[in-house]
Amino acid sequence: MYNSNFKIKSDPVILGLESSCDETAAAVIRGRTLLSSKIISSATEQAKYGGVVPEIASRAHTEAVDEVVSLALSEAGVTLKEIDAVAVTYGAGLLGALLVGLSFAKSLAYTLNVPLIAVNHIRGHMAAAYLVDKDLKPPFITLLASGGHTAILHTKTFTEFEILGGTSDDAAGEAFDKVARVLGLSYPGGVNVERLAKEGENSVPLPKCQVKNTQTLQFSYSGLKTAVINYCHNKEQKGEKVDRENVACSFQHAAVDPLVKKTVESAVALNVNTVTAGGGVIANGYLRARLEEECTKAGLKLILPEKKYCTDNAAMIAAEGLIQYLSGNFAPMDINARAQIPLK
Ligand code: KG4
Ligand code: ZN
């Protein structure tokens, strides 16, 4: 019988599991020390279809989940019996994909009689920074930029945060992916736009990803995306060659600069001296360089997870699992996966 009166340890061994999209990932942490992080991805297969096909993702997770957990445990040098909790993404994401990880985590937690911790994927991205700096504690400002979210957040305590600003339409990653398609780049789009941008110059006039004439922290990517599409179509209609490298580079500036500026301004205005970041777009080299530059100028401490912990991974799920574990927030065994969960 599954016992839910668990004793809380200060340095627990947590197995994290992530299967919300096309990455099957497992990671092990002890306290805030990362012991292993493994990913089996179906991205190459998905690329043939130009994006993630949910059924292919679910099948790939089913085939990979057992192996990825074994790999993570063996690299960590941890046996199943040493696991103190299992943390798993329960949303947001592709329902069938999530169910693979969630069902696996439930069976494991039940069999080992350890707590099951249900993690919101986005909270996982926000928690990645905790593994970078073991002394990191709130308050801090986070720039969150992924395929589905773009926001500036003020984390006040380990479990409470405020949304300072966000996007009115597309997320930053979504915009990168759409622009990639316009430029004829293959999936996954963001990293390919970054590669092309390195060969170009910021010479195409494009609107920034900001709501015009406002002092708010509100972003908007639809105008920028449309401007890129119109620019390319106009060139094509005139029979001119599209300077793809320059478009990629100019788009990257327009999509990134306001995010960095507003993040730093928020930290200064709120007198918070630490900035963190998370989500796939934070793997962008230009964004990382700009954040470093602006935080240094403003005298802010920047905690930036390595690129591989910005894109989807299970280390961040284990990290958020630790926060939930320490506050005794355990999930019931009948918890279901959720395709959508509001940020707050
Ligand atoms: O966090 P993530 O891996 O998945 C979600 O939770 O959405 O983010 C994926 C997004 C995609 O839109 C992808 O194009 C973007 O992050 N991305 C990048 C880069 N690497 C991933 N965007 C810009 N530059 C990159 N290097
Ligand atoms: Zn993600």
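A pocket, in the sense used here, is an open set of grid points with protein on both sides within 12 Å along at least five of seven lines. The exercises below concern a predicted model.

**Exercise 1. Describe the overall dimensions of the chain and decide how its compactness compares with the globule rule.**

Solution. Begin with the secondary structure: the chain contains eleven helices and ten strands. Next, take the radius of gyration, which is 20 Å; the globule rule gives 20 Å for 344 residues, so the chain is as compact as a globular protein of that length. The C-alpha trace spans about 70 × 45 × 30 Å along its principal axes. Finally, consider burial: of the 344 residues, 55% are buried.

**Exercise 2. Characterise the largest pocket by its volume, its lining and the elements that supply the lining.**

Solution. The volume comes first: the largest pocket holds about 1,200 Å³ of space. Its lining comprises 41 residues, and those nearest the centre are Ser146, Gly147, Asp177, Tyr187 and Asp312. Now assign the lining to elements. Helices H4 (121-127), H6 (172-182) and H7 (189-197) each contribute at least two residues, and H6 has the largest share, with seven. The last step is the division by class, which yields 14 nonpolar, 17 polar and ten charged residues.

A backbone feature belongs to this region too. Tyr187, one of the residues nearest the pocket centre, is joined to Pro188 by a cis peptide bond with omega of about -5°. Pro188 itself sits in the loop between H6 and H7.

**Exercise 3. Identify the protein donors of the zinc ion (ligand 2) and explain why the arrangement of donor atoms is classed as irregular.**

Solution. Step one is to list the protein donors: His121 through NE2, His125 through NE2 and Asp312 through OD, lying 2.0 Å from the zinc ion. Step two is the spacing of the donor residues in sequence, which reads H-x3-H-x186-D. His121 belongs to helix H4, whereas Asp312 belongs to the loop between strand S10 (301-303) and H11, so this pair ties together parts that are 191 residues apart in sequence.

Step three is the geometry. For six donors to count as octahedral, opposite donors must be over 155 degrees apart and all other angles must lie between 65 and 115. The six donor atoms around the zinc ion subtend angles of 54 to 168°, which makes the arrangement irregular.

Step four is accessibility: His121 and Asp312 are both buried. Asp312 is also among the residues nearest the centre of the largest pocket.

**Exercise 4. Determine which residues line the second largest pocket and which line the largest cavity, and describe each lining by class.**

Solution. Take the second largest pocket, whose volume is about 180 Å³. Its lining consists of Tyr90, Ala118, Val119, Asn120, Arg123, Glu320, Gln324, Asn329, Phe330, Ala331, Ile335 and Ile341. Strand S5 (116-120) and helix H11 (315-326) are the elements that give two or more residues to this lining, and S5 gives the most, with three. By class there are seven nonpolar, three polar and two charged residues.

Turn then to the enclosed space. The structure has one cavity of 30 Å³ or more, and the volume of the largest cavity is about 90 Å³. Arg123, Met126, Ala127, Tyr130, Phe140, Thr155, Thr157, Phe158, Glu160, Phe161 and Glu320 line this cavity. H4 is its main contributor, with three residues. The lining divides into six nonpolar, two polar and three charged residues.

To connect the two, compare the lists: Arg123 and Glu320 appear in both the pocket lining and the cavity lining.

**Exercise 5. Locate the residues other than glycine that have positive phi, state how exposed they are, and place the cis bond that precedes Ala92.**

Solution. Asn113 has phi near 55° and is found in the loop between H3 and S5. Its relative accessible area is 31%, a value that makes Asn113 partly exposed. Asn271 has phi of about 60° and occupies the loop between helix H9 (244-270) and strand S9 (274-278). With a relative accessible area of 71%, Asn271 is exposed.

For the cis bond, the peptide link from Gly91 to Ala92 has omega near -10°. Ala92 lies in the loop between strand S4 (85-91) and helix H3 (95-112).

How values were computed: Residues numbered from 1 in each chain as written. Chains lettered and ligands numbered in written order. Predicted model: local features only at pLDDT ≥ 70, side-chain atom pairs only at ≥ 80, totals over all residues. Heavy atoms only, no water. 1 Å grid on protein atoms, 1.4 Å probe; cavity = no way out; pocket = protein on both sides within 12 Å on 5 of 7 lines; lining within 4 Å. Points joined across faces, edges and corners; volume = space filled by probe spheres on them. Helix = DSSP H or I, 4+ residues; strand = E, 2+ residues; numbered from the N terminus. Nonpolar A, V, L, I, M, F, W, Y, C, P; charged D, E, K, R; others polar. Donors = N, O, S within 2.8 Å, 3.2 Å for Na, K, Ca; no water. Tetrahedral: all angles 85-135°; square planar, octahedral: opposite > 155°, others 65-115°. Buried < 20%, exposed > 50% of the residue type's maximum accessible area, 1.4 Å probe, protein only. Rg over C-alpha atoms; globule rule 2.2 N^0.38 Å.
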